[in-house]
Amino acid sequence: MKTKGLLLLTLVVLFVQVFVLNNLSASPLVAPMVYIILIVMLPIELSQWKMLGIGLLWGVLMDMTMGTVGLNRLVTLPIAFFRRPILYAFTGLSDVSKEEGIPSVKRLGSRFYHYVTAMIILHSLLFYFAEWLSFDNLGTLLLRIACSTLLSLVLCYIILILFIKRLSQ
(Lines give C-alpha, C1' and ligand atoms only; values in the text may rest on other atoms or scores of the structure.)
Protein backbone atom coordinates (compact mmCIF):
# COMPACT_ATOMS: atom_id res chain seq x y z
CA MET A 1 0.00 0.00 0.00
CA LYS A 2 2.92 2.36 0.65
CA THR A 3 3.99 2.14 -3.00
CA LYS A 4 0.50 2.92 -4.27
CA GLY A 5 0.18 5.76 -1.78
CA LEU A 6 3.55 7.26 -2.80
CA LEU A 7 2.67 6.94 -6.48
CA LEU A 8 -0.68 8.65 -5.95
CA LEU A 9 0.98 11.35 -3.84
CA THR A 10 3.57 11.89 -6.59
CA LEU A 11 0.91 12.29 -9.26
CA VAL A 12 -1.19 14.66 -7.15
CA VAL A 13 1.81 16.80 -6.16
CA LEU A 14 3.08 16.90 -9.74
CA PHE A 15 -0.36 17.96 -11.00
CA VAL A 16 -0.81 20.62 -8.29
CA GLN A 17 2.70 22.04 -8.76
CA VAL A 18 2.74 22.08 -12.57
CA PHE A 19 -0.83 22.94 -13.47
CA VAL A 20 -1.98 25.02 -10.51
CA LEU A 21 0.87 26.59 -8.54
CA ASN A 22 3.18 27.32 -11.47
CA ASN A 23 0.34 29.22 -13.16
CA LEU A 24 -0.65 31.11 -10.03
CA SER A 25 0.21 34.76 -10.47
CA ALA A 26 -1.47 36.32 -7.45
CA SER A 27 1.67 38.17 -6.42
CA PRO A 28 5.34 38.23 -7.40
CA LEU A 29 6.13 37.61 -3.73
CA VAL A 30 4.28 34.30 -3.55
CA ALA A 31 5.48 31.24 -5.43
CA PRO A 32 4.72 28.13 -3.38
CA MET A 33 6.69 24.96 -3.95
CA VAL A 34 5.02 21.77 -2.78
CA TYR A 35 7.03 19.29 -4.83
CA ILE A 36 9.65 19.08 -2.10
CA ILE A 37 7.23 17.11 0.06
CA LEU A 38 7.96 14.04 -2.08
CA ILE A 39 11.60 13.99 -1.01
CA VAL A 40 10.58 14.68 2.59
CA MET A 41 8.12 11.76 2.61
CA LEU A 42 10.30 9.07 1.03
CA PRO A 43 10.94 6.00 3.19
CA ILE A 44 13.45 6.54 5.97
CA GLU A 45 15.50 3.47 5.05
CA LEU A 46 16.48 4.68 1.56
CA SER A 47 20.23 4.84 1.11
CA GLN A 48 21.98 8.13 0.50
CA TRP A 49 22.72 7.16 -3.12
CA LYS A 50 19.07 6.40 -3.82
CA MET A 51 18.07 9.69 -2.22
CA LEU A 52 20.52 11.60 -4.42
CA GLY A 53 19.27 9.75 -7.51
CA ILE A 54 15.66 10.51 -6.68
CA GLY A 55 16.56 14.12 -5.92
CA LEU A 56 18.30 14.45 -9.28
CA LEU A 57 15.43 12.87 -11.21
CA TRP A 58 12.83 14.94 -9.40
CA GLY A 59 14.89 18.09 -10.02
CA VAL A 60 15.18 17.29 -13.74
CA LEU A 61 11.43 16.65 -13.97
CA MET A 62 10.63 19.91 -12.20
CA ASP A 63 13.11 21.81 -14.38
CA MET A 64 11.44 20.44 -17.51
CA THR A 65 7.91 21.23 -16.36
CA MET A 66 8.69 24.62 -14.82
CA GLY A 67 10.93 25.89 -17.60
CA THR A 68 13.94 26.40 -15.36
CA VAL A 69 17.37 25.31 -16.49
CA GLY A 70 18.96 23.44 -13.61
CA LEU A 71 17.56 25.56 -10.78
CA ASN A 72 15.46 22.76 -9.31
CA ARG A 73 18.31 20.26 -9.69
CA LEU A 74 20.58 22.68 -7.89
CA VAL A 75 18.14 22.77 -4.98
CA THR A 76 16.79 19.20 -4.82
CA LEU A 77 20.23 17.59 -4.65
CA PRO A 78 21.27 19.32 -1.39
CA ILE A 79 17.78 18.66 0.02
CA ALA A 80 18.16 14.96 -0.79
CA PHE A 81 21.70 14.93 0.63
CA PHE A 82 20.85 16.67 3.90
CA ARG A 83 17.57 14.85 4.44
CA ARG A 84 19.07 12.17 6.67
CA PRO A 85 21.03 14.54 8.97
CA ILE A 86 18.01 16.83 9.26
CA LEU A 87 15.77 13.86 10.03
CA TYR A 88 18.25 12.76 12.68
CA ALA A 89 18.59 16.24 14.17
CA PHE A 90 14.89 16.98 14.40
CA THR A 91 13.59 13.57 15.40
CA GLY A 92 16.28 12.39 17.80
CA LEU A 93 16.45 8.99 16.16
CA SER A 94 19.59 7.25 17.37
CA ASP A 95 20.34 5.62 14.05
CA VAL A 96 18.24 6.77 11.11
CA SER A 97 19.65 4.06 8.86
CA LYS A 98 17.99 1.36 11.01
CA GLU A 99 14.54 2.97 10.85
CA GLU A 100 12.03 1.88 8.25
CA GLY A 101 8.88 3.29 6.73
CA ILE A 102 7.49 6.65 5.79
CA PRO A 103 8.12 9.55 8.19
CA SER A 104 4.83 10.32 9.94
CA VAL A 105 3.31 11.76 13.09
CA LYS A 106 2.55 8.22 14.24
CA ARG A 107 6.20 7.23 13.96
CA LEU A 108 7.91 10.46 15.01
CA GLY A 109 5.33 12.31 17.08
CA SER A 110 5.22 16.09 16.97
CA ARG A 111 8.88 16.10 15.88
CA PHE A 112 7.60 15.11 12.44
CA TYR A 113 6.25 18.66 11.98
CA HIS A 114 9.63 20.14 12.97
CA TYR A 115 11.34 17.93 10.39
CA VAL A 116 8.92 18.84 7.58
CA THR A 117 9.07 22.54 8.44
CA ALA A 118 12.89 22.54 8.49
CA MET A 119 13.05 20.80 5.11
CA ILE A 120 10.61 23.23 3.50
CA ILE A 121 12.40 26.26 4.95
CA LEU A 122 15.77 24.94 3.73
CA HIS A 123 14.32 24.31 0.28
CA SER A 124 12.85 27.81 0.10
CA LEU A 125 16.10 29.44 1.21
CA LEU A 126 18.15 27.51 -1.33
CA PHE A 127 15.66 27.96 -4.15
CA TYR A 128 15.09 31.70 -3.82
CA PHE A 129 18.72 32.60 -3.10
CA ALA A 130 19.77 30.56 -6.17
CA GLU A 131 17.03 32.18 -8.24
CA TRP A 132 17.86 35.71 -7.06
CA LEU A 133 21.67 35.32 -7.32
CA SER A 134 22.18 38.66 -5.63
CA PHE A 135 21.87 40.38 -2.31
CA ASP A 136 20.40 43.48 -3.95
CA ASN A 137 16.94 44.17 -2.56
CA LEU A 138 17.60 41.75 0.28
CA GLY A 139 14.41 42.87 2.02
CA THR A 140 12.29 41.91 -0.99
CA LEU A 141 14.08 38.58 -1.26
CA LEU A 142 13.51 37.78 2.41
CA LEU A 143 9.86 38.81 2.12
CA ARG A 144 9.45 36.51 -0.91
CA ILE A 145 11.10 33.67 0.97
CA ALA A 146 8.86 34.22 4.00
CA CYS A 147 5.61 34.47 2.01
CA SER A 148 6.39 31.54 -0.27
CA THR A 149 7.59 29.38 2.61
CA LEU A 150 4.47 30.08 4.64
CA LEU A 151 2.14 29.22 1.77
CA SER A 152 4.24 26.15 0.88
CA LEU A 153 4.00 24.94 4.48
CA VAL A 154 0.24 25.34 4.56
CA LEU A 155 -0.22 23.54 1.24
CA CYS A 156 2.21 20.75 2.16
CA TYR A 157 0.45 20.15 5.46
CA ILE A 158 -2.91 19.99 3.66
CA ILE A 159 -1.45 17.42 1.26
CA LEU A 160 0.01 15.45 4.16
CA ILE A 161 -3.30 15.44 6.01
CA LEU A 162 -4.98 14.05 2.90
CA PHE A 163 -2.36 11.33 2.29
CA ILE A 164 -0.81 10.44 5.64
CA LYS A 165 -3.15 7.53 6.41
CA ARG A 166 -2.65 6.03 2.98
CA LEU A 167 1.15 6.35 3.28
CA SER A 168 1.32 4.96 6.81
CA GLN A 169 -0.47 1.68 6.02
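Threonine 76 is buried, since its relative accessible area is 0%, and its place in this predicted model is in helix α4. Leaving out residues up to four places away in sequence, threonine 76 touches Tyr35, Ile39, Gly55 and Gly59. The points below turn from this residue to the nonpolar core, the aromatic rings, the largest pocket and the largest cavity.

**The nonpolar core**

- The largest nonpolar core has 46 residues, of which Leu9, Val13, Ile37, Met41, Tyr115 and Val116 touch the most other members.
- Helices α1 (2–20), α2 (37–40), α3, α4, α6 and α7 (138–168) each supply at least two residues of this core, and α6 gives the most to it, with nine residues.
- In soluble globular proteins, nonpolar side chains tend to be buried together.
- Tyrosine 115, named above among the core members that touch the most others, is in contact with Val40, Arg83, Ile86, Leu87, Phe90, Thr91 and Pro103 when residues up to four places away in sequence are not counted.

**Aromatic rings**

- The count of aromatic pairs in the model comes to five.
- In the pair formed by phenylalanine 112 and tyrosine 113, the ring centres are 5.6 Å apart and the planes stand at 70 degrees, so the pair is edge-to-face, because planes over 60 degrees apart count as such.
- The two partners of this pair can be described by their accessibility: phenylalanine 112 counts as buried at 1% relative accessibility, whereas tyrosine 113 is partly exposed, with a relative accessible area of 39%.
- These labels follow from the cut-offs, because buried means under 20% relative accessible area and partly exposed means between that value and 50%.
- Phe112 and Tyr113 form one aromatic cluster together with Tyr157.
- Tyrosine 113, which is found in helix α6, is 44 residues from tyrosine 157 in sequence, while the C-alpha atoms of the two are 8.9 Å apart in space.
- Once its neighbours within four places in sequence are left aside, tyrosine 113 is in contact with Val105 and Tyr157.

**The largest pocket**

- The largest pocket has a volume of about 220 Å³, and of the 17 residues that line it, Leu21, Asn22, Ala31, Met33 and Arg144 are the closest to its centre.
- Helix α6 (residues 111–132) provides the largest share of the lining of this pocket, namely three residues.
- By class, the residues of the pocket lining divide into ten nonpolar, five polar and two charged.

**The largest cavity**

- The model has one cavity of 30 Å³ or more, and the volume of the largest cavity is about 30 Å³.
- Leu46, Ser47, Gln48, Met51, Ala80, Arg83 and Arg84 line the largest cavity, and this lining has three nonpolar, two polar and two charged residues.
- Helices α3 (48–66) and α4 (71–91) each supply at least two residues of the cavity lining, with α4 giving the most, three residues.
- Arg83 belongs to the lining of the largest cavity and is also one of the residues that tyrosine 115 touches.

**Helices that recur**

- Helix α4 holds threonine 76, supplies at least two residues of the largest nonpolar core and gives the most to the lining of the largest cavity.
- Helix α6 holds tyrosine 113, gives the most to the largest nonpolar core and contributes the largest share of the lining of the largest pocket.

Definitions and conventions: Residues numbered from 1 in each chain as written. Predicted model: local features only at pLDDT ≥ 70, side-chain atom pairs only at ≥ 80, totals over all residues. Heavy atoms only, no water. 1 Å grid on protein atoms, 1.4 Å probe; cavity = no way out; pocket = protein on both sides within 12 Å on 5 of 7 lines; lining within 4 Å. Points joined across faces, edges and corners; volume = space filled by probe spheres on them. Helix = DSSP H or I, 4+ residues; strand = E, 2+ residues; numbered from the N terminus. Nonpolar A, V, L, I, M, F, W, Y, C, P; charged D, E, K, R; others polar. Phe/Tyr/Trp six-rings, centres within 6.5 Å; stacked < 30°, edge-to-face > 60°. Buried < 20%, exposed > 50% of the residue type's maximum accessible area, 1.4 Å probe, protein only. Contact = heavy atoms within 4.5 Å. Core = buried A, V, L, I, M, F, W, Y, C linked by side-chain atoms within 4.5 Å.
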